[in-house]
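Biologist: I would like to learn how to read pockets and ligand contacts in a model. Could we work through one case?

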Amino acid sequence: MSYQNLLFDVADRIATITVNRPDKLNALNDATIAELGRAIDEAAARDDVGGVLLTGAGRAFVAGADISELQSQSPLEGRRRARDGQAVFSRFERSGKPVVAAINGFALGGGCELAMACHVRVASEKAKLGQPEVKLGIVPGYGGTQRLPRLVGRGAALRLLLTGEMIDATEAHRLGLVDQVVAPDALLDTARALLQAMLANAPLALAGCIEAVHRGLDASLDEGCTIESDAFGLLSATADMQEGMRAFLDKRAPTFHGR
Ligand code: COA
């Protein structure tokens, strides 16, 4: 599949998706959002892909939605744009294959929202994060008002949303907005190593964890535990469970096939 505004590269079972509009700090115009949707679908469909690394070209991860497109939108177009973007970001969040964001620079507005839709966030010491939409007279439209409080809690989320301030990677780590901070040169290798550690495990078990966490966060504890026990029971039907346990008892590394 070919892309205008993304790079898509597969190596060692990792699909690296790079948002590639560096002259516009990788701002998400509608075309780029649509390509992100196609790219995560391609990663999901390909047998040679086990996980996804998402990053940005140049000095930004993503500096937000493309303001030049937003400025002339009507109310109905705005709502449509937000719904379309939310649907694409949800596909990252619901991907059964792990998605790691490698935040190389600015992750603002839609960039911060895109990173939050990924499963794990690794940030460069140079990264800057924030939801500056109020400075433009809008609210976040790609899930930011919902995912930010789920990640950092209501108070910290409202602080960031209402001030629109930009925070550095250390502060983002302190808040729980990113999971790890590393030197800029180590960013991609760290994200790849993290994915490789995940990909050594049983693929259906990875998908089960992602789904249980994702669905469980929107459910009561009881309902969430039911989701978990269903997944726990279902995985007993897999060859990979047999292999994982046999390998442990045989004192060897398992070989998983995703079935
Ligand atoms: N939408 C459209 N274009 C954007 C953009 C965005 N969200 N963010 C950056 N750009 C463009 C700039 O217009 C500029 O284009 P130009 O060279 O054709 O003029 C280019 O990217 C470089 O940005 P610039 O502002 O010159 O870089 P900077 O280092 O001075 O500032 C930022 C960097 C990230 C602080 C600044 O670009 C910014 O505040 N961006 C908007 C962030 C935002 O509000 N995001 C939420 C949008 S809903």
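Modeller: We take the pockets, then the ligand, in this predicted model.

Biologist: How is empty space found, and what volume does the largest pocket have?

Modeller: Rolling a probe the size of a water molecule over the atoms shows where empty space is left. Here the largest pocket has a volume of about 660 Å³. It is lined by 23 residues, and those closest to its centre are Glu93, Met116, Val213, His214 and Leu217.

Biologist: Which elements supply the lining of the largest pocket?

Modeller: At least two residues each come from α4 (110-117), β7 (120-124), α5 (144-152) and α9 (203-217). The largest share, six residues, is from α9. Domain 1 (6-199) and domain 2 (203-250) each contribute at least three residues to this lining.

Biologist: How many residues of that lining are nonpolar, polar or charged?

Modeller: The lining of the largest pocket has 13 nonpolar residues, with four polar and six charged ones.

Biologist: What is the volume of the second largest pocket, and which residues lie nearest its centre?

Modeller: The second largest pocket holds about 370 Å³ of space. Its lining has 19 residues, and Arg13, Val49, Lys97, Pro203 and Gly258 lie nearest the centre. By class, 10 of the lining residues are nonpolar, five are polar and four are charged. Both α1 (30-45) and α9 supply at least two residues, and α9 gives the most, with four.

Biologist: Why is the second largest pocket said to lie between domain 1 and domain 2?

Modeller: The second largest pocket lies between domain 1 (6-199) and domain 2 (203-250) because both give residues to its lining.

Biologist: Now the ligand. Which residues are closest to the ligand?

Modeller: Of the 15 residues that surround the ligand, the closest are Lys24, Arg59, Ala63, Ala65 and Ile67. By class, this shell has 10 nonpolar residues, one polar and four charged.

Biologist: Which atoms of lysine 24, arginine 59 and alanine 65 pair with the ligand, and at what distance?

Modeller: For lysine 24, a side-chain N or O atom is 2.5 Å from an oxygen atom of the ligand. Arginine 59 places a polar side-chain atom 2.9 Å from a ligand oxygen. With alanine 65 the backbone is used: one of its N or O atoms lies 2.9 Å from a nitrogen atom of the ligand.

Biologist: How much of the ligand's accessible area does the protein cover?

Modeller: On its own the ligand has 860 Å² of accessible area, of which the protein covers 59%. The elements that give two or more residues to the shell around the ligand are α2 (67-70) and β6 (106-108).

Definitions and conventions:
Residues numbered from 1 in each chain as written. Predicted model: local features only at pLDDT ≥ 70, side-chain atom pairs only at ≥ 80, totals over all residues. Heavy atoms only, no water. 1 Å grid on protein atoms, 1.4 Å probe; cavity = no way out; pocket = protein on both sides within 12 Å on 5 of 7 lines; lining within 4 Å. Points joined across faces, edges and corners; volume = space filled by probe spheres on them. Nonpolar A, V, L, I, M, F, W, Y, C, P; charged D, E, K, R; others polar. Domains from an automatic or database assignment. Near = heavy atom within 4 Å. Polar contact = N/O pair within 3.5 Å; in protein donor to acceptor, adjacent residues only side chain to side chain. Areas by Shrake-Rupley, 256 points an atom, 1.4 Å probe, with all protein chains shown as cover.
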